[in-house]
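Open your viewer, set a cartoon representation, and keep the selection box handy. We will go from whole chains to single residues, one stop at a time.

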Amino acid sequence: MNFPILSVITFLPFAAAVIMLLMPANRKTEVRGVALATASLDLLLAGWMYLQYLLGEMTGYQFIEQYDWLPMLGISLKFGVDGMSAPLVLLTGVVMFTGVLISWGNDDPHVMAGIQDRPREFFAFLFLLAGGVFGVFVSLDLFMLFFFYEIAVFPMYLLIAIWGWVKTREYAAMKLTLYLFIGSVIALVGALAMYWTQYQNTGILSFDMIQMESAGFSASFQYAWFLPVFFGFAVLGGIWPFHNWSPDGHVAAPTAVSMFHAGVLMKLGGFAALRVGVMLLPQGAQQWSWLIMTFAGIAVVYGAFIAFVQTDLKYMIGFSSVSHMGLVMLGISTLNHNGLMGAGVQMFSHGIMTALFFAITGMIYDRAHTRQIPELGGMMKALPFTGVGFIIGGLVSMGMPGFSGFIAEFPIFMGVWGRAWLLAVIASISIIITAAYIMVDIRKVFFGALPEKLEGHISPITALDKIAIVFLCSLMVLIGMFPAVMTPMVERGVENILRLLGGA
Amino acid sequence: MDFLNTHLLSLILFLPALAALVMLFLPSGETKLLRWYAFGASLIPFALTLALWSGFDANGTGFQFVEQYVWYDAIGSTLHLGVDGISITMVLLTTLLTPLAILASFSLTDRVKPYMMLFLFLETGLLGVFMALDLLMFFIFWEVELVPMYFLISQWGGANRDYASLKFLVYSMGGSLGLLLAIQMLGVLFGTYDLVALYERWNALDAGAMLLGMPVHTVKTVAFWAFTVAFAIKVPIWPFHTWLPDAHTEAPTAGSMLLAGVLLKLGAYGFIRLVLPLYPVEAKIFAGALALLAVGAIVFGAFAAFGQTDFKRLVAYSSINHMGFVVLGIAAAGLAAGTKDAHIAMNGAVLQMFNHGISAAGMFFLVGVIYERAHTRNLDDFGGLFPLIPVYGGIMLFMSMASLGLPGLNGFVSEFMVVRGAYPVLTIYTVVAMLGLLFTGAYILKGIMKILHGPENEHWAHGEHKLTDINTREILVAAPLMAIALVIGIWPAWILEVINKAVVALF
């Protein structure tokens, strides 16, 4: 019996949430300590798992565990990771760890950075969310995937509605939750159809996704059910035209939740759409890929243009996420080696990048009490770490070579060349737009003179904040310089998908 | 020693970036330490380049000092480095100008640490373009080098720096968009980015075949223009040049030195390394168009330079004028590929790249020297300064003559070769370009006259505005440039031998 590493990674946050809720509410420091310890441990486990996979044979699903859950209905708790999901598990660990670091904050009444209001409940909900996300990435059972999916979505509502930005939190929380529930219900119907059809075809009653890969769904079944399943999940991936819950949600959420939301939760949508939609209904994917490709192409360019005109820093990042997640969908829709591999790396790269962006935006907002770009300035001098971090994030965002964004975007574009070259040309416009707004916003926020209003209000960030920034930046540079730390693994995952697509 | 020999290129390439990272841990208050550290760090690649030059076999064919490492296996890109006679000349130019530019920035006091770090990163970016034998690597360094230059202009530049730096970035990135797409297409078609393999396989494509639903020659023509526009913006040739005067005028002195000295060469190098070998047919068909733009750059650049009252803008437009000759040489070489004329024109173009790097860096440095003292660059504010600052005057006279193409100095040799090579094949264009050369003389003499001669402007002679002559450190920056200009002018064979072998092998 091997060490059940995936279950430990998944259930550790749940256990920690329970422990924290049992602690007295006024022991804020102890609660934070438990949170940080749990997050660090989970990150170490996820990192160890990632390295084991990378240094091992990198074939198929590994670290498989299976426990009966409801055998009568063919539901079991089956965990395992492949080259696509292992990086995302690591990503979740990273975002969880850095999210806790930057939420620690500062009790200084002038700053009130981080989470000062009811940290016990905050961290408990955040960890429920994290556990759910881990669960989705490692589940090999369709029912369990839904189970964890809903667990991940629900705490989001509370986190935004309670700790969010006063002006829009109720509206945004409501909008986000409704969008995501509607999406997942539609996908669930599709999943039940698959479950039932499999039973009719083969007589096997099972939610096991590896089993379902050979369930022999007919072409017409696949054509009909692919769209609901794919788009049901893709809503969470922020696919155009179902994206507009996402920027509102980003803006209203507290910093650590924005990091989770853009960094990990949106990947959940992309991953589940790929795992359930493309991998279980490959013929449907081939039939409809043109539609996804069109929507994704629009998202890429449209998101960049809308981000360009934003004056609120968080909205700017929110819409740039729509554009970047559009690239993920674009990569998936190519259904070829380069595009899928790029999409896999882009999910990781974008997760790290937006987590960094939101962390820095939060640090600035806590001190300046504004996110309006024209009202900011001179932050490079006041908070040099945020400045350098934001610049590195910006370079990743514009796909500058040497950083992870390039490693991801370049193969995506190559994949699109293989399918529809005109779309590659059109989508490439977004690169210029992104470069322009990122550079202009960096200049306005970080250079020039500090506005008089802010004089004396900008207290330095904490050591924990700095650790988070340095950690995230080094990951992006590491992948950018040495793509071999991630791409071979994703490639193996892609090979599996291509096999299901008929070796195309 | 063996390690050194087999890794010489990667050492030269990555040492500056490593040195910049180490700099992160130096105290930012110790400006003196930072300056000397950066200067020392940039001398090591220069010393290694000298070793490279001496170890380079001028009679050898193909690329030398080749290194290849796995980089991005999934899409078939490797870190493939190597130099031939053309690129080693550019490597020498880069590693020579970087220490001089750093030495020229010793007077800077504002945020010395990030400034010096950016310079070292910039050096790595520039060298990478010249050394890359992998198309994707070429593109990577081509883009990477933009970032430090953007920040150098936007943070340490003049009053209008925001506008100029963004224009520089957007122009450059916009220009390279077509290049990016064309590179992706090549990668998808052949599954490799290795230049040597691409030269063969891309040219071996049957002209009648279909690619992406279009005839091969259509695809090649579009890709040719995508490459050409990217490089034309970088050179820059008329009418893609408008970013250059702004960027130059606002950039800090040392930034201008590298911008004119090396960055512009990237564009011309792209033509030589990528466009001509990959598109020999198209280069022949469109040679006339390219030559027309080059002549436009020569003539309009000269006229525009003549019309300037800002000394730095004058020098900036002179760069457009001089780089026009490089492109004229390239166009002629593309048209007459395989003949002796092509070889002469191409030799001239490469040497002109080197020479312009030397003289433009020198001129921008001299502009910076006087601006630092007078805080103005307006030519009308000067006059009769020769007696006040005789040493500066002498150096400026020398540099201007090198730039003008006075026989005996470097510019003459290369411009003569370009004209000699282009005349038989592009006669009309060459004749018009020669007329443009007349105006080169005019604007350079105008600059000298307005600053050094004429009635003495009393303002600079007394009191707080009294100009001091060029100091020892500044002379040390100018001296190597002057020495090289003179050596090439008198005895160009040492460098032409190296260039010629590569040119004959390629074209």
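What radius of gyration would a compact globule of 507 residues have, and what does chain B have? Such a globule would come out near 23 Å, and chain B has 22 Å, so the two agree. Keep in mind throughout that this is a predicted model.

**Stop 1: the two chains**

Select chain B and colour by secondary structure: there are 21 helices and four strands. Turn the chain along its principal axes and its C-alpha atoms fill a box of roughly 75 × 55 × 40 Å. Buried residues make up 61% of the 507 in chain B. If you draw its contacts between residues at least 6 apart in sequence, 80% of them join residues at least 24 apart.

Now switch to chain A, which has 20 helices and two strands. Its radius of gyration is 21 Å, close to the 23 Å that the globule rule gives for 504 residues, so chain A is as compact as a globular protein of that length. The box for its C-alpha atoms is roughly 70 × 55 × 45 Å along the principal axes. In chain A, 62% of the 504 residues count as buried.

**Stop 2: where the chains meet**

Show both chains and select the residues in contact across them: 26 residues of chain B meet 29 residues of chain A. On the chain B side, the elements that give two or more residues are β1 (64-72), α6 (135-144), α7 (146-156) and α8 (161-190). Which of these elements gives the largest share of that side? Pick α8(B), which supplies 13 residues. Colour this side of chain B by class and you will find 18 nonpolar, five polar and three charged residues.

**Stop 3: the nonpolar core**

Next, select the largest nonpolar core, which has 404 residues. The members that touch the most other members are A:Val89, A:Leu268, B:Ala294, B:Val327, B:Leu328, B:Ala331 and B:Ala332. Helix α16 (residues 340-374) of chain B gives the most to this core, with 19 residues. As background, nonpolar side chains in soluble globular proteins tend to be buried together.

Zoom in on B:Ala294. Beyond its neighbours within four places in sequence, B:Ala294 is in contact with B:Ile237, B:Gly324, B:Val327, B:Leu328 and B:Ala331.

**Stop 4: helix α20 of chain B**

Select residues 472-490 of chain B to bring up helix α20. At 1.5 Å a residue, its 19 residues should span 27 Å, and the end C-alpha atoms are 26 Å apart, which agrees. Look along the axis for a kink of about 25° at B:Ala478, shortly before the proline B:Pro480.

Which residues of α20(B) are buried? Highlight B:Glu474, B:Val477, B:Ala478, B:Leu481, B:Ile484, B:Ala485, B:Ile488 and B:Gly489. An α-helix has 3.6 residues a turn, so residues three or four places apart point the same way. To see what covers the buried residues, add α4 (85-104), α16, α17 (390-404), α18 (410-422) and α21 (493-506) of chain B, which are included in the cover.

Stay on this helix and click B:Met482. Is B:Met482 buried or partly exposed? It has 19 C-beta neighbours inside 10 Å, and 20 are needed for a residue to be buried, so B:Met482 counts as partly exposed. Leaving aside neighbours within four places in sequence, B:Met482 is in contact with B:Ile395 and B:Phe398. Draw a C-alpha to C-alpha distance from B:Met482 to B:Leu409: 9.2 Å in space, for residues 73 apart in sequence.

**Stop 5: backbone details in the loops**

Two cis peptide bonds are worth a click. In chain A, go to the bond from A:Trp240 to A:Pro241, with omega near 5°; A:Pro241 lies in the loop between α8 (219-234) and α9 (245-252) of chain A. In chain B, a cis bond joins B:Val235 and B:Pro236, where omega is about -15°. B:Pro236 is in the loop between α10 (216-234) and α11 (243-250) of chain B.

Then look at phi. B:Arg111 is not a glycine, yet its phi is positive, about 50°. Find B:Arg111 in the loop between α4 and α5 (112-131) of chain B; with 14 C-beta neighbours inside 10 Å, B:Arg111 counts as partly exposed. Finish at B:His375, another residue other than glycine with a positive phi, near 55°. B:His375 is in the loop between α16 and α17 of chain B and counts as exposed, with 9 C-beta neighbours inside 10 Å.

How values were computed:
Residues are numbered from 1 along each chain as its sequence is written. Chains are lettered from A and ligands numbered from 1 in the order in which they are written. Two residues are in contact if their C-beta atoms, placed from the backbone, lie within 7 Å. Ala, Val, Leu, Ile, Met, Phe, Trp, Tyr, Cys and Pro count as nonpolar, Asp, Glu, Lys and Arg as charged, and the others, Gly among them, as polar. The radius of gyration is taken over C-alpha atoms; the globule rule is 2.2 Å times the number of residues to the power 0.38. A residue is buried if 20 or more other C-beta atoms lie within 10 Å of its own, exposed if 12 or fewer, and partly exposed in between; C-beta atoms are placed from the backbone. A nonpolar core is a set of buried Ala, Val, Leu, Ile, Met, Phe, Trp, Tyr and Cys residues joined through C-beta atoms within 7 Å. The expected span of a helix is 1.5 Å times one less than its number of residues. The bend at a residue is the angle between axes fitted to the seven residues ending there and the seven starting there.
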